[in-house]
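Biologist: Hi! I'm new to this one, so could you walk me through it?
Modeller: Happy to. Let's put it on the screen and start there.
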Amino acid sequence: MKLTLFTLCMSCLIFSFSSCGENDDLPPPKYSFDVNQVEKIPVKLDGTNDDWMSFMFKNTLTISNEETKHYSSKIKEVQIHQLTYKIINFNGDPLGEVKGSFSVANKICLENSFVVKPTADNEIVYEITDFNEINRIAEALKSNQTVNVVFSGNALCNDIGMDFIVEVTLDSKVVIQL
């Protein structure tokens with residue numbers, strides 16, 4: 001892929017020097033890369049003895065990968081096709097509840113309350129669908145290339161506690177302009 005991109009760039013560069021000026025108004029070429037990332041936020045909660053307990057766990061999402069890392073200063077646009085999370089690998093109190101917030105780039109995107117075990121068993125997917133929120137996150141990724149994702153809130157469970165993973169999936173496209 002790198003060799004193909006390099007060859008294409010060199011061909012464009014040589015062609016631009018050899019042209020007679022008739023194509024001088026053409027914009028530089030754009031290329032796009034699909035960036036699909038899955039990150040996991042491990043959550044471990046001790047038994048709360050029937051009292052609500054606060055929690056906060058985080059990880060990062062990035063658009064930097066093998067294809068895009070060499071063009072970090074040339075990123076023109078980030079398009080998010082889908083940003084979701086779901087609960088997986090649940091262990092613990094089958095009646096354990098969560099009143100949680102999912103934040104991306106320092107802002108709450110989704111809030112929901114659920115009993116964790118059936119949510120994990122039924123593979124319920126929570127998706128950020130607000131157009132303005134998706135654009136805000138895309139701009140944050142374009143500027144910083146990495147954003148924090150945080151799952152926080154309050155939990156209620158018995159003596160045995162709960163362990164689960166919040167699986168975050170980002171499906172995006174990164175557009176670079178040479």
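Biologist: Thanks! What kind of model is this?
Modeller: This is a predicted model, so please read everything I say as computed from it.

Biologist: Okay. How many helices and strands does the protein chain have?
Modeller: The protein chain has three helices and eight strands. Going from the N terminus, the elements run α-β-β-β-β-β-α-β-α-β-β.

Biologist: And what share of the residues counts as buried?
Modeller: Of the 178 residues in the protein chain, 40% count as buried. The exposed surface comes to about 10200 Å², and carbon and sulfur atoms supply 50% of that.

Biologist: What about contacts between residues far apart in sequence?
Modeller: Take the contacts in the protein chain with a separation of 6 or more: 83% of them involve residues 24 or more positions apart.

Biologist: Let's look at the sheet. What is the order of the strands in the open sheet?
Modeller: The open sheet has four strands in the order β1-β8-β3-β6, and the pairing is antiparallel. β1 (30-45) and β6 (125-127) are at the edges with a single partner strand each, so one side of each has no neighbour in the sheet. From one strand to the next, the twist averages 20 degrees.

Biologist: How many bridges are there between β3 and β8?
Modeller: Strand β3 (residues 75-92) and strand β8 (residues 162-177) pair over 14 bridges, in the antiparallel sense. As one example, Gly 92 has Met 162 in β8 as its bridge partner.

Biologist: Which strands does α3 touch?
Modeller: α3 packs on the sheet and touches β3 and β8. The direction of α3 makes about 105 degrees with that of β3.

Biologist: Can you pick a residue in that helix for me?
Modeller: Sure, let's take Glu 133, which is in helix α3 (residues 131-144).

Biologist: Is Glu 133 buried or exposed, and why?
Modeller: Glu 133 counts as buried because its relative accessibility is 7%, and the cut-off for buried is under 20%.

Biologist: Which residues does Glu 133 touch?
Modeller: Leaving out residues up to four places away in sequence, Glu 133 touches Lys 107, Ile 108, Cys 109 and Ile 128. Its side chain makes a polar contact of 3.5 Å with the side chain of Lys 107. Another polar contact, of 2.6 Å, joins the side chains of Glu 133 and Arg 136. Lys 107 is 26 residues from Glu 133 along the chain, with 9.2 Å between their C-alpha atoms.

Biologist: You mentioned Cys 109. How many disulfides are there?
Modeller: The count is zero disulfides. Cys 109 is buried because its relative accessibility is 17%, and Cys 157 is buried at 2%.

Biologist: New topic: how do β4 and β5 run?
Modeller: They run antiparallel, with eight bridges joining strand β4 (residues 97-104) to strand β5 (residues 107-115). Val 98 stands opposite Phe 114 in β5. β4 and β5 form a hairpin with two residues between them, and Ala 105 in the turn has a positive phi of about 55 degrees.

Biologist: Last one: where is Pro 118?
Modeller: Pro 118 is in helix α2 (residues 116-121). With 35% relative accessibility, Pro 118 counts as partly exposed. Pro 118 and Phe 90 are 28 residues apart in sequence, and their C-alpha atoms are 9.3 Å apart in space.

How values were computed:
Residues are numbered from 1 along each chain as its sequence is written. This is a predicted model: local features need pLDDT of at least 70, side-chain atom pairs count only at pLDDT 80 or more; totals for chains, interfaces and linings use all residues. Side-chain values use heavy atoms; hydrogens and water are left out. A disulfide is a pair of cysteine sulfur atoms within 2.5 Å. Buried means under 20% relative accessible area, exposed over 50%, partly exposed in between (1.4 Å probe, protein chains only). Contact means heavy atoms within 4.5 Å. Accessible areas come from the Shrake-Rupley method with a 1.4 Å probe; for residues, only the protein chains shown count as cover. A polar contact is a pair of N or O atoms within 3.5 Å; within protein, one must be able to donate a hydrogen and the other to accept it, and residues adjacent in sequence count only if both atoms are side-chain atoms. Two strands pair if DSSP finds at least two bridges between them. Axes are lines fitted to C-alpha atoms, for helices over the stretch in contact, and angles run from 0 to 180 degrees between N-to-C directions.
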